[in-house]
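Subject: Structure handover, with notes on cavities and pockets

Hi,

Here is the structure I promised to pass on to you. Have a look at it first, and then read on for my notes.

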Amino acid sequence: MPVLLSPQGTRRALLAAGAGASLGLLGGCAHGKATAPPLLQAAPAQLPGTHQQDLRDPASGRTWRIWVQQPAGPAPATGYPVLYLLDGNAAFALAAQLARNSAGRPGDMGTDSTIVVGIGHPGDAVIHPAERQRDYTPPVPGSTATPEAGGADILLDFIARELQPRVAHAFAIDPQRQTLSGHSFGGLLVLHALFTRPAQFTRYAATSPSVWWNGAQLLRTAGQFAQVHAMAPRPFRAQLLLRVGSLEQAQTAPTAARAAIQVERRMVERTLALADQLGALQWPELRVDMAVLPGLDHGSAMAPGLIDALALAQQPR
């Protein structure tokens, strides 16, 4: 590994920081004496055991960027759990490293090695707003997807037809520990998947889900889900983790416009209502874990929600 600064260069850079010598970190040491390659010309960082590929869906013609974190240890007796993670551009690296960290803990402090599969969009942007709205929102009842919205089932079909079989072919997976996780619009897609195809995954983690979308259409979908599966036995067993930040409905947002949006969307109120609606079913096939994350807004809820989603994926059967 190249040394960015020699000890002597480090001391000189610190002593001369007021004169701009600390820029030696980016282009050499103080006094123009270069002792190492410039930092920004070093080799790019990589996560061990990760792979990236753009996959084209033959059915829809759409392309998604897929990341895979290989498991860091031997397969459990039942197979590896798999965490399918939406918004892979923003969340995959964190989830993959957390999975490696937990699997690497000593002895009984560790968890089962977990496969993390990120699902995102081609390009280097952290968030792709237009593509997210296109892919993560459910279609309006009675209509089909458009290039702008309503493509949730197109993406879920791609995962079922193309992605899940590839993962199952490459690894010894645990079919009873298949988790889908998403935040915001991604959380909306997670809930749509649960209510319309509850057997595609066994565990669902929705953080700050956009329940407000299209006049809270999802709450009506939840009601239809309850009616369709009113009679036992039900052809699925699912766990649902719901998380929302306590400040997502606060009227003390940074701007008046943002506060108005939060009040209109009623994120906390609607997520709690959904949890109550599902909990009242008292189905043994559906377990609901709801929590309001104190002091967090919409964006800051993503990371702790992801941590909880990984823990859900790793839970024993």
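Below is what turned up in the search for empty space, followed by a few words on one residue.

Please keep in mind that this is a predicted model.

Let me start with the enclosed spaces. Across the whole structure, the search gives 2 cavities of 30 Å³ or more. The largest cavity comes to about 80 Å³. Around this cavity sit Leu85, Leu86, Asp87, Ala91, Ser181, Gly182, His183, Thr207, Met302, Gly305 and Leu306. Three elements give at least two lining residues each: strand 3 (80-86), strand 5 (173-183) and helix 10 (302-314). By class, the lining holds 5 nonpolar, 5 polar and 1 charged residues.

The second largest cavity has about 40 Å³ of space. Its lining consists of Asp87, Asn89, Gly120, His121, Val126, Ile127, His128, Arg132 and Tyr136. Here the split is 3 nonpolar, 4 polar and 2 charged. You will see Asp87 in the lining of the largest cavity and again in that of the second largest cavity.

Now to the open spaces. The largest pocket has a volume of about 260 Å³. His51, Gln52, Gln53, Leu55, Ile66, Val68, Gln70, Leu163, Arg166, Val167, Ala170 and Phe171 form its lining. Strand 1 (50-56), strand 2 (63-69) and helix 5 (152-170) each contribute at least two of these residues. In terms of class, 7 are nonpolar, 4 polar and 1 charged.

For the second largest pocket, the volume is about 220 Å³. Its walls are made by Gln176, Thr202, Arg203, Arg237, Ala238, Gln239, Pro284, Glu285, Arg287, Gln315, Pro316 and Arg317. This lining counts 3 nonpolar, 4 polar and 5 charged residues.

One residue to look at by itself is Gln314, which belongs to helix 10. Is Gln314 buried or exposed? Its relative accessible area is 9%, and because the cut-off for buried is under 20%, Gln314 counts as buried. Its side chain makes a polar contact with the side chain of Ser102, at 3.0 Å. Leaving aside residues up to four places away in sequence, Gln314 touches Ala99, Ser102, Thr111, Asp112, Thr114, Arg177 and Arg203. Of these, Arg203 also appears in the lining of the second largest pocket.

Happy to talk it through whenever suits you.

Best wishes

Definitions and conventions:
Residues numbered from 1 in each chain as written. Predicted model: local features only at pLDDT ≥ 70, side-chain atom pairs only at ≥ 80, totals over all residues. Heavy atoms only, no water. 1 Å grid on protein atoms, 1.4 Å probe; cavity = no way out; pocket = protein on both sides within 12 Å on 5 of 7 lines; lining within 4 Å. Points joined across faces, edges and corners; volume = space filled by probe spheres on them. Helix = DSSP H or I, 4+ residues; strand = E, 2+ residues; numbered from the N terminus. Nonpolar A, V, L, I, M, F, W, Y, C, P; charged D, E, K, R; others polar. Buried < 20%, exposed > 50% of the residue type's maximum accessible area, 1.4 Å probe, protein only. Polar contact = N/O pair within 3.5 Å; in protein donor to acceptor, adjacent residues only side chain to side chain. Contact = heavy atoms within 4.5 Å.
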